[in-house]
Amino acid sequence: MDFQVVVLAGGTSKNLVPLVSKEVPKALLPVANRPVLSYVLELLEQSNLKDLIVVVEGEDAALRVGGWISGAYVDRLHVQVAAVPEDVGTAGALRAIVHHLTANDILVVSGDIVSDVPPGVVAAAHRRHDAVVTAMLCSAPVSGLPESGSSGGKDKTKKPGRYNLIGLDPTKQFLLYIATGGELEKDVRIQKSILRAVGEMEIRSDLMDTNLYAFKRSVLQEVLDQKETFHSLRRDVLPYLVRSQLRSEVLVNGALQPEEKGKEKVGFQNNQLMISQILANASKPSFHELYASGPTGSSVRRTHKCCVYIANSSKYCARLNSIQAFSDINRDVLDPAGHLSGYSFSAQNNFIHPTAELGSKTTVGPHCMLGEGSQMGDKCSVKRSVIGCHCRIGSNVKVVNSVVMNHVTIADGCSIQGSVICSNVQLQERVVLKDCQVGAGFVVAAGSECKGEALARKEK
């Protein structure tokens, strides 16, 4: 399809501390005992998109991600890993590698997406409409569990998050308005020209921008070059393209200029006509040529289309962009999105690796995973949790609604609820954790009782 694919894999995201570290960048955080980046790479592979640029923030993180990709995807994908400075944002990351972009269209995918929506459908919609940008939207995820980790009872507190305000045309194919972040608290202001052109607009607050976009390369490059302060694709580039798509602009001697104020009414009326025709003729690939001429026939107007692809509500799509999302996705990939994990679940609806060992009277409930080489003592209980590889767990240990990464040691009598335990952590006897995050390599002293805390070693 002549699409170039860029995967924005991030670095050591601050809002995921202490889960991320210099040793474990965001892209390598485990989801059901697989790096989160593997879900995106395999989704692209299934769509036959195998020539990729993976952009990682920070040299050290890029080396680690590149090393993992080389080992896991040798002879499967052709991947160029590009390191960019930390904290440049998604727009800055693309700006830093823009000289590598040569195709007519660019597919930009966030490396933290876990989804079963094939990226190819977004690319196809983009080409069908001859759009400058096509964004994939999905239903906003429901976050959290009741009481942050309670395993029983009905969940009456779970509600979809509010991520954006989205304005769509009646066909739900064109993006006419978007507000994100702090703009959600402000009054909604919509251009009259848009409303008059389309007749009606549907405002949605239940959709999430997945950070999966198809861009026309020439327009993307122009925006990144001219708008040097743009930091984010979602907060800066996309809203800018949406706001400017209906503006009447004229090319005079090759230079782009707004029309004179005295002609505002004429320009406005012509915009109405053009946008109505955009919507009526969206499927015509030659639309821009048909409606390029201005009212006098001597000037050339520039218009562009911003489109959306809305994933079916039966599809799964979530982004690992917070600690809560990390926990939610790990649970979801066991159930209800178990087909994404790549594992074959048992009749008990769990996965226990053949090399794992369970002590007497130890139970691993449904929607749980126990990784390679892990050992559990007697009378342990695991409910709705993921336990990584090569863990050593003593007797009388309870793990509920939690994620335990690799090489973790948990001594006798510990209770872990609604928590994330990173690799190489040691929990000494009778530790009680509720709604906590424990950073890699941390030692929790015997008898400690912690609630809602982040425990981590200081970075050197």
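**Buried elements, salt bridges and sheets in a predicted model**

In helix 10, the buried residues are Ile323, Ala325, Phe326, Ser327, Asp328, Ile329, Asn330 and Arg331. The structure described here is a predicted model. Helix 10 spans residues 323–332. Eight of its 10 residues are buried, so the helix is largely enclosed by the rest of the structure. The buried set includes Asp328 and Arg331 as well as Ile323 and Phe326.

Strand 1 gives a similar account. This strand covers residues 3–10. Seven of its eight residues are buried, so strand 1 too is largely enclosed by the rest of the structure. Strand 1 runs parallel to strand 6, and six bridges join the two. Val5 has Leu107 of strand 6 as its bridge partner. Strand 1 also runs parallel to strand 4 (residues 51–57), through five bridges. Here Leu8 is partnered by Val55 of strand 4.

Strand 6 also holds Asp105. The relative accessibility of Asp105 is 6%, so this residue counts as buried, the cut-off being under 20%. The Asp105 side chain makes a polar contact with the side chain of Arg127, at 2.6 Å.

Charged pairs were examined next. Side chains of opposite charge can pair when their charged atoms come close. Across the whole structure, 11 salt bridges are found. One of them joins the side chains of Glu45 and Arg76, with an N to O distance of 2.7 Å. Glu45 belongs to helix 1 (residues 36–46), whereas Arg76 sits in the loop between helix 2 (59–72) and strand 5 (78–84). The pair therefore ties together parts that are 31 residues apart in sequence. Glu45 is buried, at a relative accessible area of 19%. Arg76 is partly exposed, at 33% relative accessibility.

A further salt bridge links the side chains of Asp112 and Arg319, at 3.0 Å from N to O. Asp112 is in the loop between strand 6 (105–110) and strand 7 (113–115), and Arg319 is in strand 17 (residues 317–319). This salt bridge therefore ties together parts that are 207 residues apart in sequence. Asp112 and Arg319 are both buried.

Lys216 and Asp130 form another salt bridge, with their closest N and O atoms 3.1 Å apart. Lys216 lies in strand 12 (residues 207–216). Asp130 lies in the loop between helix 4 (119–129) and strand 8 (133–139). The parts tied together by this pair are 86 residues apart in sequence. Lys216 is partly exposed, with 23% relative accessibility. Elsewhere, Lys172, Glu202, Arg204 and Asp206 are joined into one network by salt bridges that share partners.

Helix 1, which holds Glu45, also contains Gln46. Unlike the buried Glu45, Gln46 is exposed, with a relative accessible area of 65%. The C-alpha atoms of Gln46 and Gly120 are 9.4 Å apart in space. In sequence, Gln46 and Gly120 are 74 residues apart.

A separate group of strands forms an open sheet. Six strands make up this sheet, in the order 19-22-25-28-31-34, with parallel pairing. Strand 19 (357–358) and strand 34 (443–444) are the edge strands, each pairing on one side only. Within the sheet, strand 22 (residues 375–376) runs parallel to strand 25 (residues 392–393). Two bridges join strands 22 and 25. Opposite Gln375 stands Arg392, in strand 25.

Internal space was considered last. Rolling a probe the size of a water molecule over the atoms shows where empty space is left. The count comes to two cavities of 30 Å³ or more. The second largest cavity has a volume of about 30 Å³. Leu19, Ser21, Val24, Met405, Cys422, Ser423 and Ala440 line the second largest cavity. Its lining consists of five nonpolar residues and two polar ones, with no charged residue.

Conventions
Residues numbered from 1 in each chain as written. Predicted model: local features only at pLDDT ≥ 70, side-chain atom pairs only at ≥ 80, totals over all residues. Heavy atoms only, no water. Salt bridge = Lys/Arg side-chain N within 4 Å of Asp/Glu carboxyl O. Helix = DSSP H or I, 4+ residues; strand = E, 2+ residues; numbered from the N terminus. Buried < 20%, exposed > 50% of the residue type's maximum accessible area, 1.4 Å probe, protein only. 1 Å grid on protein atoms, 1.4 Å probe; cavity = no way out; pocket = protein on both sides within 12 Å on 5 of 7 lines; lining within 4 Å. Points joined across faces, edges and corners; volume = space filled by probe spheres on them. Nonpolar A, V, L, I, M, F, W, Y, C, P; charged D, E, K, R; others polar. Pairing = 2+ DSSP bridges. Polar contact = N/O pair within 3.5 Å; in protein donor to acceptor, adjacent residues only side chain to side chain.
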